[in-house]
Amino acid sequence: MSSFEHAVVFALSIPYNIPMSYKLIELQSVSKSFGDLKVLDNFSLYVRENEFLTLLGPSGCGKTTLLRILGGFETPDEGRILFDGVDITDLAPNKRQLNTVFQKDTLFYHMSVAENIAFGLRIRHASKALIKEKTDYALHLVGLDGFADRMPDSLSGGQAQRIAIARAIVNEPKVLLLDEPLSALDLKLRQDMQYELIRLKEELGITFIYVTHDQEEALTMSDSIVVMNAGRIQQIGTPEDIYNEPKNAFTADFIGDGNIFDALMIHDQHVSILGTDFECVDTGFGENNPVDVIIRPEDVELVSPEKGTIEGIVKSVIFKGVHYEMDVDAHNYHWLVHSTKMVPEGTPVGILVDPFNIQVMHKPSRPDEEAANHA
Amino acid sequence: MRRRWLAAPFLLWSAAFIIIPIFMIIWFALTDQSGSFTWSNILEMGLADNIKALALALLLSIAATLICLVIAYPIAMILAGKKNGRNTMIAMLFILPMWMNFLLRTMAWQTLLEKNGVINTILRVLHLPAVTIINTPGAVILGMVYNFLPFMILPLYTVLSKIDREITYSARDLGAGPFQTFVKITLPLSKPGMISGITMVFVPALTTFVITDLLGGGKVQLIGNTIEQEFIQGSSWHVGSGLSLILMIFVFISMVLVAKYDPQSTGTAIGGRP
């Protein structure tokens with residue numbers, strides 16, 4: 001299994017415990033522009049209490065701006081933000097019951113680790129004993145006991161980011177906002193920290209709103225994922241929903257690998273891909289209607305030429321550890337195929353796809369719904 | 001290592017224009033006209049007039065430094081807060097006067113402040129009472145502040161623009177108001193800039209004689225003027241050197257004092273400490 005598939009499997013195995021009723025944060029038709037650039041376009045979203053919600057999208061999709069609006073560092077041009085039912089759109093950042101972990105290292109470098117963590121408590125005039133107790137507990141939570149007297153410049157990137165998390169959670173916010181906090185870390189550390197964050201969330205029982213452009217990170221950690229592009233929501237759903245049932249070409253293309261086709265819906269349960277009739281399970285897309293279709297590489301089955309729906313030839317094979325990645329040329333389309341069975345280069349093959357694994361999507365109605373690198 | 005000889009011109013320069021002159025000052029300071037050893041030049045500082053000149057110099061230069069700090073800090077903050085491009089214009093407004101000669105700038109103030117100068121002429125036209133600024137300690141402080149302000153702004157601007165906006169955001173995020181954020185985060189983080197600025201304003205202000213000459217009109221006598229007179233008006237190079245030596249010690253002491261308040265001392269104040 002690739003690390004990505006591993007992430008998917010892990011995401012599927014997270015037990016969900018979402019109270020379905022309570023909306024802790026509600027964004028109502030929020031718009032924000034910088035100059036001529038519309039960063040958020042009539043954006044509405046609610047976040048449930050205790051949820052791990054991830055805002056996922058390419059850079060420039062508006063996710064960081066959204067987080068800054070929640071933190072109080074940007075004011076929306078239009079729309080309101082409700083927190084616990086109260087309008088906080090114009091509330092100063094220091095008055096909000098949420099804390100942010102920024103992408104960059106933002107530790108106060110003239111203060112020790114303990115002073116950094118205690119900053120919020122000192123502002124609130126907590127007693128010395130309480131500060132000590134909470135600081136120690138926060139250090140313990142992030143696994144850095146004994147670091148209290150260190151100075152920030154003696155910490156590694158991962159340690160600094162954990163202290164930043166400790167500095168935020170020590171204030172017991174109702175919501176923790178995380179702006180790509182792991183992006184500066186190397187792969188191994190990033191994966192460790194992903195599990196740490198999930199554990200932290202379980203222990204603290206608070207809402208996490210997490211911003212990332214890394215789909216694997218999103219699939220691993222989230223209860224819900226909000227896929228964003230060009231300031232609009234493309235899809236909201238659980239990690240499996242997003243992966244298995246992408247609603248448009250953008251989501252399909254952004255999450256995981258996929259073969260995306262310009263196709264024609266002949267009628268219910270029949271779609272024409274590359275001029276060949278494929279059986280599918282989708283209905284309600286009309287008759288002879290242009291649609292987009294995505295087939296995941298692991299759902300493409302290679303059989304002997306006469307048994308396949310269409311015929312092709314294997315162009316290249318790359319060994320990826322758990323599986324082989326093959327490029328199959330069929331009807332002038334380069335199919336990306338993942339399989340544990342290797343088919344040598346140059347072999348004629350037939351392509352077979354289970355009807356259940358053909359995902360039909362409406363054609364994009366706006367440019368932001370299109371695949372970023374549509375073939 | 002093999003290219004060490006490339007440093008030779010610099011070493012030669014340092015020897016000729018820094019090290020040898022300092023030893024000459026020490027030699028002059030510790031000898032009399034006939035060349036024999038004496039403490040009398042140093043002890044000249046003990047004369048009432050000289051003590052008064054030194055005390056006034058300290059007072060005026062400290063005042064000028066503090067005024068510079070108070071004016072420069074908000075300017076540096078505004079400059080550092082502006083997006084690139086827009087601030088070049090504002091920065092130019094402060095740098096532009098520096099392209100003009102220091103003496104000319106000071107003489108311009110003389111013309112402005114004179115009894116029948118520009119300011120008083122305008123006041124008279126407006127039927128307002130004339131002001132006497134020229135030839136007062138106030139005029140000298142004004143001259144110091146005007147001439148040395150850029151040297152306070154620039155190091156402050158440099159250090160403030162290096163403080164990430166996210167750091168102040170973090171403080172706000174953790175519950176600090178704008179004022180608390182300034183006192184607990186921005187101010188302490190800008191300390192190295194303040195120390196550089198204080199050094200770069202205080203030292204030239206303490207030793208100046210040109211500003212006093214032009215704006216003090218001989219009525220304000222600072223230690224710099226006393227030393228200048230010893231050298232130029234031919235009184236005695238020996239006494240001038242003795243007083244210079246004492247002044248250097250004062251500068252050194254003040255720098256050590258300033259550096260003491262710099263927790264992560266980078267040696268900016270007393271120069272080039274490793």
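This note goes through a predicted model, taking the domains of chain A, the strands, chain B and the contacts between the chains in turn.

1. Domains of chain A. The domain assignment splits chain A into domain 1, residues 3-244, and domain 2, residues 258-369. The C-alpha centres of domain 1 of chain A and domain 2 of chain A are 38 Å apart. Eight residues from domain 1 of chain A and eight residues from domain 2 of chain A take part in the contact.

2. Area between the domains. Domain 1 of chain A and domain 2 of chain A bury about 660 Å² between them. Carbon and sulfur atoms account for 32% of that area.

3. Polar links between the domains. One salt bridge is counted between domain 1 of chain A and domain 2 of chain A. A:Asp368 forms a salt bridge with A:Arg232, and the closest N and O atoms of this pair are 3.6 Å apart. With the cut-off for a salt bridge set at 4 Å, the pair A:Asp368 and A:Arg232 is accepted at 3.6 Å. Polar contacts across the interface of domain 1 of chain A and domain 2 of chain A come to four residue pairs, both residues being at pLDDT 80 or more.

4. The side of domain 1 that touches domain 2. In chain A, strand S10 (232-237) and helix H8 (239-244) are the elements that give two or more residues to this side of domain 1. H8(A) gives the most, with three residues. By class, the side of domain 1 of chain A that touches domain 2 of chain A holds three nonpolar, three polar and two charged residues.

5. A four-stranded sheet. Chain A has an open sheet of four strands in the order S2-S1-S4-S5, with antiparallel pairing. Its edge strands are strand S2 (37-48) and strand S5 (86-87) of chain A, each of which pairs on one side only. Strand S1 (residues 23-34) of chain A is joined to S2(A) in the antiparallel sense by eight bridges. As a register check, A:Lys23 stands opposite A:Arg48 in S2(A).

6. Two successive hairpins. Strand S11 (residues 259-267) of chain A runs antiparallel to strand S12 (residues 270-273) of chain A, with four bridges between them. In this pairing A:Ala263 is opposite A:Ile273 in S12(A). S11(A) and S12(A) form a hairpin with two residues between them, and A:Gln269 in the turn has a positive phi of about 70 degrees. S12(A) also runs antiparallel to strand S13 (residues 276-279) of chain A, again over four bridges. Here A:Val271 is opposite A:Phe278 in S13(A). S12(A) and S13(A) form a hairpin with two residues between them, and A:Leu274 in the turn has a positive phi of about 55 degrees.

7. Chain B. The secondary structure of chain B consists of 13 helices and zero strands. The C-alpha trace of chain B spans about 70 × 70 × 35 Å along its principal axes.

8. Extent of the A-B interface. Contact between the chains takes 23 residues of chain A and 19 residues of chain B. Chain A and chain B bury about 2100 Å² between them, and carbon and sulfur atoms give 59% of it.

9. Polar links between the chains. Three salt bridges are counted between chain A and chain B. One of these joins A:Lys104 to B:Asp164, with the closest N and O atoms 3.0 Å apart. Polar contacts across the interface of chain A and chain B number nine residue pairs, both residues at pLDDT 80 or more. On the side of chain A that touches chain B, strand S6 (98-101), helix H3 (113-123) and helix H5 (157-169) of chain A each supply at least two residues. That side of chain A has 12 nonpolar, seven polar and four charged residues.

10. A salt bridge to inspect. Over all chains the count comes to 24 salt bridges. The side chains of B:Glu166 and A:Arg68 meet in a salt bridge at 2.3 Å, N to O. This pair crosses between chains, from helix H8 (residues 165-173) of chain B, which holds B:Glu166, to helix H2 (residues 63-71) of chain A, which holds A:Arg68. Side chains of opposite charge can pair when their charged atoms come close.

Conventions: Residues are numbered from 1 along each chain as its sequence is written. Chains are lettered from A and ligands numbered from 1 in the order in which they are written. Side-chain values use heavy atoms; hydrogens and water are left out. Domain bounds come from an automatic or database domain assignment. Contact means heavy atoms within 4.5 Å. Buried area is the accessible area (1.4 Å probe) that two parts lose on being put together, summed over both. A polar contact is a pair of N or O atoms within 3.5 Å; within protein, one must be able to donate a hydrogen and the other to accept it, and residues adjacent in sequence count only if both atoms are side-chain atoms. Ala, Val, Leu, Ile, Met, Phe, Trp, Tyr, Cys and Pro count as nonpolar, Asp, Glu, Lys and Arg as charged, and the others, Gly among them, as polar. Two strands pair if DSSP finds at least two bridges between them.
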